[in-house]
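Q: Could you take me through the reasoning behind the surface and ring-pair labels given to this model?

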Amino acid sequence: MYMHDLIIILVMTFPMFLFSIYPGIVVSEYLEKKYGIDESKKRTVMVGVTFLFALTVSTLLYYA
């Protein structure tokens, strides 16, 4: 992967946050109900899932 490809994918990640907030909320709510995680871990999971989902979507859009 070239540096140009990586930069384009990371730039495309930021608009994808609009589409990936909902899956982050759903996953964190599920983990809170199922495993009883506290609020700080819930927020960490929400941000992590949101970023990973946005990165995945932007990578798929770039290479598809």
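A: A patch is built from residues with over 30% relative accessible area and no salt bridge, nonpolar side chains being joined within 5 Å. The model is a predicted one, and in it Met3, Leu6, Ile7, Leu10, Val11, Phe51 and Leu52 form a nonpolar surface patch with about 650 Å² of accessible area together. Helix H1 (3-35) and helix H2 (39-63) are the elements that give two or more residues to this patch, and H1 gives the most, with 5 residues.

Q: Why is Met3 called exposed?

A: Met3, which sits in helix H1, has a relative accessible area of 58%; exposed means over 50%, so Met3 qualifies as exposed.

Q: What makes the pair of Phe17 and Phe51 tilted?

A: Their ring centres lie 6.4 Å apart, with planes at 35°. Because a pair needs centres within 6.5 Å, and planes that are neither under 30 degrees nor over 60 apart count as tilted, the pair is tilted. Phe17 belongs to helix H1 and Phe51 to helix H2, so the pair ties together parts that are 34 residues apart in sequence.

Q: Why does Phe17 count as partly exposed?

A: Phe17 has 23% relative accessibility, and since buried means under 20% and exposed over 50%, Phe17 falls in between and is partly exposed.

Q: How do you know that the pair of Tyr62 and Tyr63 is edge-to-face?

A: The planes of Tyr62 and Tyr63 stand at 80°, with 4.9 Å centre to centre; planes over 60 degrees apart count as edge-to-face, so the label follows.

Terms used. Residues numbered from 1 in each chain as written. Predicted model: local features only at pLDDT ≥ 70, side-chain atom pairs only at ≥ 80, totals over all residues. Heavy atoms only, no water. Patch = residues over 30% accessible without salt bridge, like charges linked within 9 Å, V, L, I, M, F, W, Y side chains within 5 Å. Areas by Shrake-Rupley, 256 points an atom, 1.4 Å probe, with all protein chains shown as cover. Salt bridge = Lys/Arg side-chain N within 4 Å of Asp/Glu carboxyl O. Helix = DSSP H or I, 4+ residues; strand = E, 2+ residues; numbered from the N terminus. Buried < 20%, exposed > 50% of the residue type's maximum accessible area, 1.4 Å probe, protein only. Phe/Tyr/Trp six-rings, centres within 6.5 Å; stacked < 30°, edge-to-face > 60°.
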